[in-house]
Amino acid sequence: MLFEQQIRSQFPILGREVASRPMVYFDNAATSQRPECVLALQDEICRRHNANIHRAVHTLSYEATDLYEKGRAAAQKFVNAASADEIVLTAGTTAAINLVAQCMARGGFIGKGDGILLTEAEHHSNIVPWQMVCEQYGAHLEVIPVDAGRDSANTGAVDMEAYRAALRRGVKMVSIAHVSNILGAVNPLREMVAEAHALGIPVLIDGAQGIVHRKVDVQELGCDFYTFSGHKIYAPTGIGVLYGKREWLEKLPPYMGGGDMVGKVTFEKTTYADIPLKFEAGTANFVAGACLAPALEFASQMAADPAAQAHEKALMAAMDAALASVEGVFVAAKEAAERIPLYSFTIEGVHPLDAATLLDKMGFELRSGHMCAEPIVDRIGGGSMLRASLMPYSTVAEVEAFADALQRVVKMLR
Amino acid sequence: MKSIDDIQREIVEEFAVYDEWLDKYEYLIDLGRELPLAAEGDKTDANLIEGCQSRVWLTCTRDEDGRLHFAADSDAIITKGLISLLIRVFEGQTPADILAADLHFIDDIGLKENLSPTRAGGLAAMIKRIRSYAESFAEG
Ligand SMILES: Cc1ncc(COP(=O)(O)O)c(C=O)c1O
């Protein structure tokens, strides 16, 4: 309880109302809320240090650059990268995956006839950039099934036999979520990376959901790329992190051309900046980038706090009970060996859109629809599901109130 | 026959009884259950209005007097309620009156959020489809 109060008091937005009721924000997997420390820095930069970074010798530019680079250093520390040079700041996970996909293809590392391995539970951001590469370069997707749905054990586990078979068929790239934004099950990354590497296949991990709830050490994992979005982990929108192994970032060609990513420019020939700036063309969102520092510091403190871990367990137990209290609820990957507090579900006889609309009128903010992962939601959820996703600032009392609200909604709609 | 504006005023009065959001939606759900349903055979791709999260089918016919008649269906009940309100407003009206109508009741009863084009219910898309039916029958 004390933990709940302490953490909640740092998020001003949690005090607001929706439909004249206390708001319960359960759409954290889409965007999380920002604590005071992040809001304060955002405000301070705009008021005191606003100037373009990396370019000028004046004081303001120096201060803004310093803050932005502190954001990069915080990201390096947060994922335990060997060097800050291995941290490319992008607009978000989507931008990062597009960058890797395009640069791998342009650099000749993926080409005609080559396979790209994904699981069927990926977010559109980890499907479409690769499909574009397939169209442009004649590669193809190798999609691995997951164990989810009514007629399965519903563990959310990746079919490892199919994974190994695809690796052996000689795919050129593996790109998989740490945690799917639909299933919430934690994928066995270490095993998956090791098996791909044994065959010399590079691995990108879409950590947009995973890093929010699990500690990540890229050196220990050994993955070639790991990416996540700031706005899902206490930071502002418009900034994302792409960790890339030095050897990859050095051999990949640049992505976008523009200012900041160049060495010397003449009309005959341009040389490019060293990593990571080689991949950061144009003026970066330096305000959001700087805010990675307080945001990730906040997340680290949370991860290290035993009270936070106990709280997460209590939240998940309460959510299991809440969903079990309504007849006809099907939870995606309910039997997951390890999950994050993210639950996608359907309710028999109730359209998710109707339920989300009514829940909003009771103050509960939930996601509904295909949630940017149409293939898996089509297969296991009939094209539309509801999703409740929690953060450490969620409370057990909120989850209990959610159970009541859900029961009421079902009564109204059935 | 009541005018489009009279019917809109009636609806606004009916909704004025409810202070609570949930009560408004409860009423909308009841209306959804009374929607004049499109025949199963009419639930074709041509009659489908692809909203973002719910599917809506809408059919339109013209009688001998040149008035239009609607039937619809959806997989979401609140969406059905919304379309039943639209149908009530436009049922039996002429294409010219439909095209000239100023639709204000949605805003007046506080359901404007449903009009946003990204809103899953796709009310804006339904209105567009009704207008396009009216246009084609006005010409034909
Ligand atoms: C698993 C996963 N990948 C990628 C993304 C895309 O993130 P963004 O929209 O911040 O680029 C999301 C977020 O919606 C996600 O959940």
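The following exchange concerns two contacts in a predicted model, one between chain A and chain B and one between the two domains of chain A.

Me: Why is the pair A:Arg21 and B:Glu20 called a salt bridge?

Reply: The closest N and O atoms of A:Arg21 and B:Glu20 are 2.8 Å apart. The cut-off for a side-chain nitrogen of Arg and a carboxyl oxygen of Glu is 4 Å, so the pair qualifies. Across the interface of chain A and chain B, the rule finds 1 salt bridge. The interface also holds 4 residue pairs in polar contact, both residues being at pLDDT 80 or more.

Me: Which elements of chain A make up the side that touches chain B?

Reply: Helix 13 (352–361), strand 16 (367–369) and helix 15 (396–413) of chain A each give two or more residues to that side. Helix 13 gives the most, with 5 residues. By class, the side has 6 nonpolar, 5 polar and 5 charged residues.

Me: How much area do chain A and chain B bury between them, and what part of it lies on carbon and sulfur atoms?

Reply: The two chains bury about 1,500 Å² between them, with 59% on carbon and sulfur atoms. On the side of chain A, A:Leu353, A:Lys361 and A:Met412 supply 38% of the buried area, more than any other three residues. The contact takes 16 residues from chain A and 18 residues from chain B.

Me: Where do the two domains of chain A lie in the sequence?

Reply: Domain 1 covers 2–30 + 305–413, and domain 2 covers 41–300. Their centres, taken over C-alpha atoms, are separated by 28 Å. The contact takes 37 residues from domain 1 and 30 residues from domain 2. Between them the domains bury about 2,700 Å², 55% of it on carbon and sulfur atoms.

Me: Why does the pair A:Glu338 and A:Arg214 count as a salt bridge?

Reply: In this pair the closest N and O atoms are 2.6 Å apart. The limit is 4 Å, and the pair therefore meets the rule. The count between domain 1 and domain 2 of chain A is 3 salt bridges. There are also 23 residue pairs in polar contact between these domains, both residues being at pLDDT 80 or more.

Me: Which element gives the most to the side of domain 1 that touches domain 2 in chain A?

Reply: Helix 14 of chain A does, with 6 residues. By class, that side of domain 1 has 25 nonpolar, 4 polar and 8 charged residues.

Methods: Residues numbered from 1 in each chain as written. Chains lettered and ligands numbered in written order. Predicted model: local features only at pLDDT ≥ 70, side-chain atom pairs only at ≥ 80, totals over all residues. Heavy atoms only, no water. Contact = heavy atoms within 4.5 Å. Buried area = accessible area lost by both parts, 1.4 Å probe. Polar contact = N/O pair within 3.5 Å; in protein donor to acceptor, adjacent residues only side chain to side chain. Helix = DSSP H or I, 4+ residues; strand = E, 2+ residues; numbered from the N terminus. Nonpolar A, V, L, I, M, F, W, Y, C, P; charged D, E, K, R; others polar. Domains from an automatic or database assignment.
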